[in-house]
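Open the model in your viewer and switch to a cartoon view. We'll go stop by stop, and at each one I'll tell you what to select and what you should find there.

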Amino acid sequence: MTDAPEDQGSGTLFEAPPMAEQERMVEAVLFASAEPVTIADLEARMPHGSNAAQAVEMLQKRYEGRGVRVVRVGEAWAIRTAPDLGFLMQKETVETRKLSRAAIETLAIVAYHQPCTRAEIEEIRGVSVSRGTIDQLLEMEWIRLGRRRMTPGRPVTFVVTPEFLDHFGLENARDLPGLKELRAAGLLENRPPPGTIPLGDGRDEDEEEDQTELFEED
């Protein structure tokens, strides 16, 4: 007699909720999260036996053609405004920090050549890179430290972050625009080829016009 309740409950104790309910759960988490959420994080929040990946796929189809979309950001997922409606958000966007030309060029080099070291960034730019430029991009969480190179001195490398991809609406770094598009947008300038300006000639980015850094050297 005492075993009956346990046998009755064991069949439903770990039963996953209906897929429609799982889809609602995923929608709630993605809507409330300021950062993209991975499938593993979704399943950790959902009841045992849930299939977060399938629920995300269903939700993505449900939002097709709507004002917001379910998009992949690296290895995670997020709800974002449809690209063709981005103009509606422009009046509500507040620019809190303007990147210097040095920071923009450094960021572009890291994005297109990652992982790359500081010495490689300087070789491509043709000028030395101040600590303030790197610190600014690290603080904004648009780049992060990568693995050390297995070369003399074992220099650290830099790579772009999921926050960088999310800010520019990219799924991965392969979706970056071409150099022509960057120059047309004013993000890159035509510079002499690498190596034509020696690094040791006394010229660095701190001497360029409009190169005010947010972080000063100690």
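A quick definition before we set off: axes are lines fitted to C-alpha atoms, for helices over the stretch in contact, and angles run from 0 to 180 degrees between N-to-C directions. Keep in mind, too, that you're looking at a predicted model.

**The whole chain**

Start with everything shown. The protein has nine helices and six strands. Color by burial if your viewer can do it: of the 218 residues, 32% are buried. Among contacts with a separation of 6 or more, 59% link residues 24 or more positions apart.

**Stop 1: the β1-β3-β2 sheet**

Select residues 37-38 (β1), 68-73 (β2) and 76-81 (β3). Together they make an open sheet of three strands in the order β1-β3-β2, with antiparallel pairing. β1 and β2 are the edge strands, each with a single partner, so one side of each has no neighbour in the sheet. In general, strands of a sheet pair through backbone hydrogen bonds, so those are worth switching on here.

Take the two pairings in turn. β1 and β3 are joined by two antiparallel bridges, and V37 sits opposite W77 of β3. Between β2 and β3 there are six bridges, again antiparallel; look for V68 facing T81 in β3. β2 and β3 also form a hairpin with two residues between them, and G74 in that turn has a positive phi of about 65°.

**Stop 2: G67, just ahead of β2**

Now click on G67, in the loop between α4 and β2. Is G67 buried, partly exposed or exposed? With 34% relative accessibility, G67 counts as partly exposed. Show its surroundings and you'll find T81, A82 and L85 touching G67, once residues up to four places away in sequence are set aside. Try a distance label as well: the C-alpha atoms of G67 and R80 are 8.8 Å apart, with their positions 13 residues apart along the chain.

**Stop 3: α2 against α4**

Next, select residues 19-32 for helix α2 and 52-62 for α4. Two packed helices are described by the angle between their axes and the distance between the axes. Here the axes come within 8 Å and cross at roughly 80°, so α2 and α4 are roughly perpendicular to each other. To see the contact, show side chains for M19, Q22, E23, V26, E27 and L30 on α2, and for A52, Q54, A55, V56, M58, L59 and R62 on α4. By type, the residues of this contact divide into eight nonpolar, two polar and three charged.

Stay on α4 for a moment. Which residues of α4 are buried? They are A52, A55, V56 and L59. These four cover an arc of only 100° around the axis, which puts them on the same side of α4. An α-helix has 3.6 residues a turn, so residues three or four places apart point the same way. The buried residues of α4 pack against α2, α3 (39-45), β2 and β3.

**Stop 4: the β4-β6-β5 sheet**

Swing over to residues 116-117 (β4) and 143-145 (β5), then add 157-160 (β6). This is another open sheet of three strands, in the order β4-β6-β5 with antiparallel pairing. β4 and β5 stand at its edges with a single partner strand each, so one side of each is left without a neighbour in the sheet. Two antiparallel bridges connect β4 and β6. Add residues 131-139 to bring in helix α7, which lies across β5 and β6 and runs at about 105° to β5.

Zoom in on T117, in strand β4. At 5% relative accessibility, T117 counts as buried. Its bridge partner in β6 is T157. Leaving out neighbours within four places in sequence, T117 is in contact with R149, P155, V156 and T157.

**Stop 5: α6**

For the last stop, select residues 118-125, helix α6, and highlight its buried residues I121, E122 and R125. These cover an arc of only 95° around the axis, which puts them on the same side of α6. Among the elements covering them are α5 (101-113), β4 and β6. Finish on G126, just after α6, where phi is positive at about 85°.

Conventions: Residues are numbered from 1 along each chain as its sequence is written. This is a predicted model: local features need pLDDT of at least 70, side-chain atom pairs count only at pLDDT 80 or more; totals for chains, interfaces and linings use all residues. Side-chain values use heavy atoms; hydrogens and water are left out. Two strands pair if DSSP finds at least two bridges between them. Contact means heavy atoms within 4.5 Å. Buried means under 20% relative accessible area, exposed over 50%, partly exposed in between (1.4 Å probe, protein chains only). The arc is that of the directions from the helix axis to the C-beta atoms. Angles under 35 degrees count as roughly parallel, over 145 as roughly antiparallel, 65 to 115 as roughly perpendicular and the rest as oblique. Ala, Val, Leu, Ile, Met, Phe, Trp, Tyr, Cys and Pro count as nonpolar, Asp, Glu, Lys and Arg as charged, and the others, Gly among them, as polar.
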